[in-house]
Amino acid sequence: MTSPAPQDLVVTQATLADWPVISVWAAAEGWNPGLSDGPAFFAQDPEGFFLGRIDGEPVSAVSVVNYGDDYAFLGCYLVRPDLRGQGHGLATWKTALAHAGARTVGLDGVVAQQDNYRRSGFELAHRTARYTGPAPTGAVPDGVRPAEAADLAGIVAYDGACSPADRPRFLAEWLTLPGHRAFVREDAGRLTGYGVIRPGHDCPRVGPLFADTADDARALLTALAAEFAGERIAVDIPEPNKAAVALALDLGLTPSFETARMYTGPVREHALDRVFGVATLELG
């Protein structure tokens, strides 16, 4: 897919080889992207990433990653700072958004862009806040163990109950990327939650952290943070999950960054009360 745009901008699909450019831009915005995110992002939808270029040089980016036939997620909306205000972002946005077709599109929008998203047909679902602070310490509770290959089907099913769409291709990579640590919690052989922590440009990021209860989430977070004692960690928490917010505050984490989950239409029912940490603001 190629689209001409203002001032000789040309928008084309990006490849995994282009991901470092997008990741560095995101890090410069203070978004703290993961160091190994690219392969999992492109595994879900390798045609869902777009770059705008002028004379071959990248100047803008947007991702619109399709999940099945009904849902897509928009992220990585970036323009090089020295070329903002010239229409490059909007031109890249329009080309990328066409990739979603008739699907409902979701995004996690930064405060500065939320009015623009509303004008593009996105409506607020809820606020999300990034909580940061020292990694919790303590003995790993019973029932928590590292995730194994045999857990994938159960994790995909649990994740699907907490998300607007199933994402097996994403999770197959996400759980095993370099530096990613994944844990599950079980009760009598039944999965009661799972979580992942990964290295970020600024600090380790937790996500997803999905759990039946706050106790399950606390147990998983303790295990995830075990090798990061004394380090600052970050987790993105949906505001409606009051138990998740209370847990973060109890562990000494404080809000540092706000986004808004917005959709262009209806999404399937999912258990937001089990979402103690969003997987990633870039892909939902």
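This passage describes the overall fold, the nonpolar cores and two helical regions of a predicted model.

In the predicted model, the protein chain is built from 8 helices and 14 strands. Its C-alpha trace extends over about 60 × 35 × 30 Å along the principal axes. For 284 residues, a compact globule would be expected to have a radius of gyration near 19 Å, and the 18 Å computed for the protein chain agrees with this. Buried residues account for 54% of the 284 residues, and among contacts with a separation of 6 or more, 73% join residues that lie 24 or more positions apart. The accessible surface amounts to about 11,700 Å², with 53% of that area belonging to carbon and sulfur atoms. The protein chain carries 23 positive and 35 negative charges, and the mean positions of these two sets are 3 Å apart.

The interior was examined next. In soluble globular proteins, nonpolar side chains tend to be buried together. In the present model, the largest nonpolar core comprises 38 residues, within which Phe41, Phe49 and Tyr194 have the most contacts. When residues up to four places away in sequence are left aside, Phe41 touches Trp19, Phe49, Phe170, Trp174, Thr280, Glu282 and Leu283. Apart from this largest core lies another, made up of 26 residues that include Phe183, Ala223, Ile237 and Leu253.

Two helices illustrate how individual segments are placed in the structure. Helix H5, which runs over residues 152–161, has Ile155, Val156, Tyr158, Asp159 and Gly160 as buried residues. The elements covering these buried residues of H5 include helix H6 (168–174) together with strand S9 (181–187), strand S10 (190–198) and strand S11 (205–211).

Helix H7, spanning residues 214–224, contains Ala219. Ala219 is assigned as buried because its relative accessible area is 2%, a value that falls under the 20% cut-off used for buried residues. Beyond the residues up to four places away in sequence, Ala219 touches Pro141, Val144 and Arg185. Of these contacts, Arg185 falls within the residue range of strand S9 (181–187), one of the elements that also cover the buried residues of H5. With respect to Glu239, Ala219 is separated by 20 residues in sequence and by 21 Å in space, taken from C-alpha to C-alpha.

Methods: Residues numbered from 1 in each chain as written. Predicted model: local features only at pLDDT ≥ 70, side-chain atom pairs only at ≥ 80, totals over all residues. Heavy atoms only, no water. Helix = DSSP H or I, 4+ residues; strand = E, 2+ residues; numbered from the N terminus. Rg over C-alpha atoms; globule rule 2.2 N^0.38 Å. Buried < 20%, exposed > 50% of the residue type's maximum accessible area, 1.4 Å probe, protein only. Contact = heavy atoms within 4.5 Å. Areas by Shrake-Rupley, 256 points an atom, 1.4 Å probe, with all protein chains shown as cover. Lys, Arg positive; Asp, Glu negative; His and termini not counted. Charge placed at Lys NZ, Arg CZ, Asp CG, Glu CD. Core = buried A, V, L, I, M, F, W, Y, C linked by side-chain atoms within 4.5 Å.
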